[in-house]
Amino acid sequence: MDLQPLLPVLQAVEPLTEVCARLDAGATVRLGALDAAKPVTAALLWRHARRPVLLVVPRENDAQALAEQMHAWVGDSAVHFPAHHEIAYARQAPDLEVGW
């Protein structure tokens, strides 16, 4: 389902216009959003800034679900980077199936 046409309408909502104005002014903004609202909030910020947005979640299945939700809002601009299952600084070769 393509939800991109809704972004201009949602971007006009008052709290988001204030957030965008503060970001444009160079201020640091901290947002809190319900889990269900995180994909659309990230999509709105991405649409406004037109810069990469990195979303970090604690589990791989959360990342896959978020990537699917983001695809509905931003299409193919959403990319899922799979987790590396190696321990940081471990002396072993990374999994060859996970590549960049």
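**A core, a pocket and a loop between two helices**

V56 is found in the loop that runs between helix α3 (38–49) and helix α4 (60–74). The model examined here is a predicted one, and this loop is a good place to begin reading it. With a relative accessibility of 71%, V56 counts as exposed, because the cut-off for that label is over 50%. Along the sequence, V56 and L66 are ten residues apart, and in space their C-alpha atoms are separated by 9.7 Å.

A second residue of the loop between α3 and α4 is R50. R50 also counts as exposed, because its relative accessibility is 55%. Its backbone is worth a look: the phi angle of R50 is near 50°, a positive value in a residue other than glycine. The side chain of R50 has a partner too, since R50 lies over the face of W46, at 4.5 Å from the ring centre. Pairs between aromatic rings, on the other hand, are absent: the structure holds zero of them.

Attention now turns to the interior. The largest nonpolar core has 14 residues, and those with the most contacts inside it are L7, V40, A43, L44, M70, W73 and V74. Helices α3 and α4 each supply at least two residues of this core. L7 shows how such contacts can be followed one by one in the structure. Leaving aside neighbours within four places in sequence, L7 is in contact with V40, A43, L44, R47 and W73.

Open space can be explored in a similar spirit. Rolling a probe the size of a water molecule over the atoms shows where empty space is left. The largest pocket has a volume of about 770 Å³. Its lining comprises 28 residues, of which T41, A42, L45, V53 and L55 are the closest to the pocket centre. Three helices, α2 (14–24), α3 and α4, each supply at least two residues of the lining. The helix that gives the most to this lining is α3, with eight residues.

T41, one of the residues closest to the centre of the largest pocket, deserves a final look. T41 is found in helix α3. At 18% relative accessibility, T41 counts as buried, because the cut-off for that label is under 20%. Beyond its neighbours within four places in sequence, T41 is in contact with L31 and A33. T41 thus offers a contrast with the loop residues described earlier: T41 is buried, whereas V56 and R50 are exposed.

Key. Residues are numbered from 1 along each chain as its sequence is written. This is a predicted model: local features need pLDDT of at least 70, side-chain atom pairs count only at pLDDT 80 or more; totals for chains, interfaces and linings use all residues. Side-chain values use heavy atoms; hydrogens and water are left out. Rings of Phe, Tyr and Trp (its six-membered ring) pair if their centres lie within 6.5 Å; planes under 30 degrees apart count as stacked, over 60 as edge-to-face and the rest as tilted. A charge sits over a ring if NZ of Lys or CZ of Arg is within 6 Å of the ring centre and within 35 degrees of the ring normal. Helices (H or I, at least four residues) and strands (E, at least two) are DSSP runs, numbered from the N terminus. Buried means under 20% relative accessible area, exposed over 50%, partly exposed in between (1.4 Å probe, protein chains only). Contact means heavy atoms within 4.5 Å. A nonpolar core is a set of buried Ala, Val, Leu, Ile, Met, Phe, Trp, Tyr and Cys residues joined through side-chain atoms within 4.5 Å. On a 1 Å grid over the protein atoms alone, a cavity is a set of points where a 1.4 Å probe fits but cannot get out, and a pocket is an open set with protein on both sides within 12 Å along at least five of seven lines; lining residues have an atom within 4 Å of a point. Grid points are joined across faces, edges and corners, and a volume is the space filled by probe spheres set on the points.
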